[in-house]
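Reader: Please take me through one part of this model in detail. I would like the aromatic rings, and then whatever surrounds them.

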Amino acid sequence: MVRKKKPEPEYRLNIFYHEEWQSKERKLVFLFRTVQEFVSFNYEILLEDKVEGRTLHIKIAGLNAPSSLMPGMGPARGKKEYNGLEGVYTLVVKKLDGTTNEYRLDFMHDRIRVLESPRNPIVTISTQPIMLS
């Protein structure tokens, strides 16, 4: 009997609070990165989002070549920032091909918790902050 290999996640998502050093405004950052690394350019992940009640919808709408054609390497990145999300929310992530994952997240003033995630996710979520550049 041949076992099916479970699909590997295509994206990483870091969710964390970040304070702008100039404005001192605190925002909730959703930073998507591809698992695949690119060697030619620093591609951008195109994201479409909307908040409906306690559900946050984020559609991964593809990759975009950078406007400056300076060479660079690393994962493609896409970022969304939010103010005022507090409490338990459902995050729905949808890829261009229609594949959808749902997560339950708890946003508190001092921390973020992942309450539920799908069995075979297309996106792995971490609440560890990473450098924004």
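Author: What follows starts at one ring pair and works outward.

The model is predicted. Its average pLDDT is 89, and 90% of the residues score at least 70. By element, mean confidence is lowest in E2, at 92, and highest in E6, at 98.

Start with the rings. The whole structure holds 4 aromatic pairs. One of them joins Phe 30 and Tyr 82. A ring pair is described by the distance of the centres and the angle of the planes. Here the centres are 5.2 Å apart. The planes meet at 80°, and the pair is edge-to-face. An angle over 60 degrees is what earns that name.

Where do the two partners, Phe 30 and Tyr 82, lie? Phe 30 is in strand E2, residues 26–38, and Tyr 82 is in strand E5, residues 74–82. The pair therefore ties together parts that are 52 residues apart in sequence. Phe 30 has 0% relative accessibility, so it counts as buried. Tyr 82 is buried too, at 8%. Because the cut-off for buried is under 20% relative accessible area, both values qualify.

The pair belongs to a wider group. Ring pairs link Phe 30 and Tyr 82 with Tyr 89 and Phe 107 in a cluster.

Now the core. The largest nonpolar core has 24 residues. Phe 30, Phe 32, Leu 91 and Phe 107 have the most contacts inside it. Seven strands are worth listing here, each giving two or more residues to this core: E1 (11–19), E2, E3 (44–52), E4 (55–64), E5, E6 and E7. E2 supplies the largest share, 4 residues.

Leu 91 shows how one core residue is surrounded. Leaving out residues up to four places away in sequence, its contacts include Phe 30 and Leu 13. Leu 56, Ile 58, Leu 105 and Ile 125 also touch Leu 91. So do Asn 101, Glu 102 and Tyr 103.

Next, the strand pairing. E6 spans 87–94. E7 spans residues 100–107. E6 and E7 pair in the antiparallel sense over 8 bridges. Val 92 has Glu 102 in E7 as its bridge partner. The hairpin of E6 and E7 has 5 residues between the strands. Within this hairpin, Gly 98 takes a positive phi near 95°.

E7 also pairs with E8, residues 112–116. These two run antiparallel and share 4 bridges. Arg 104 has Glu 116 in E8 as its bridge partner. The hairpin from E7 to E8 passes through 4 residues.

Last, the loops and the start of E2. Lys 24 lies in the loop between E1 and E2. Its relative accessibility is 54%, so Lys 24 counts as exposed. Most residues other than glycine have a negative phi. Lys 24 departs from that, with a positive phi near 65°. Arg 26 lies over the face of Tyr 17, 4.0 Å from the ring centre.

Gly 84 sits in the loop between E5 and E6. Gly 84 is exposed, with a relative accessible area of 73%. Its C-alpha atom is 9.7 Å from that of Arg 26, although the two residues are 58 apart along the chain.

Conventions. Residues numbered from 1 in each chain as written. Predicted model: local features only at pLDDT ≥ 70, side-chain atom pairs only at ≥ 80, totals over all residues. Heavy atoms only, no water. Phe/Tyr/Trp six-rings, centres within 6.5 Å; stacked < 30°, edge-to-face > 60°. Buried < 20%, exposed > 50% of the residue type's maximum accessible area, 1.4 Å probe, protein only. Lys NZ or Arg CZ within 6 Å of the ring centre and 35° of its normal. Pairing = 2+ DSSP bridges. pLDDT = per-residue confidence, 0-100. Core = buried A, V, L, I, M, F, W, Y, C linked by side-chain atoms within 4.5 Å. Contact = heavy atoms within 4.5 Å.
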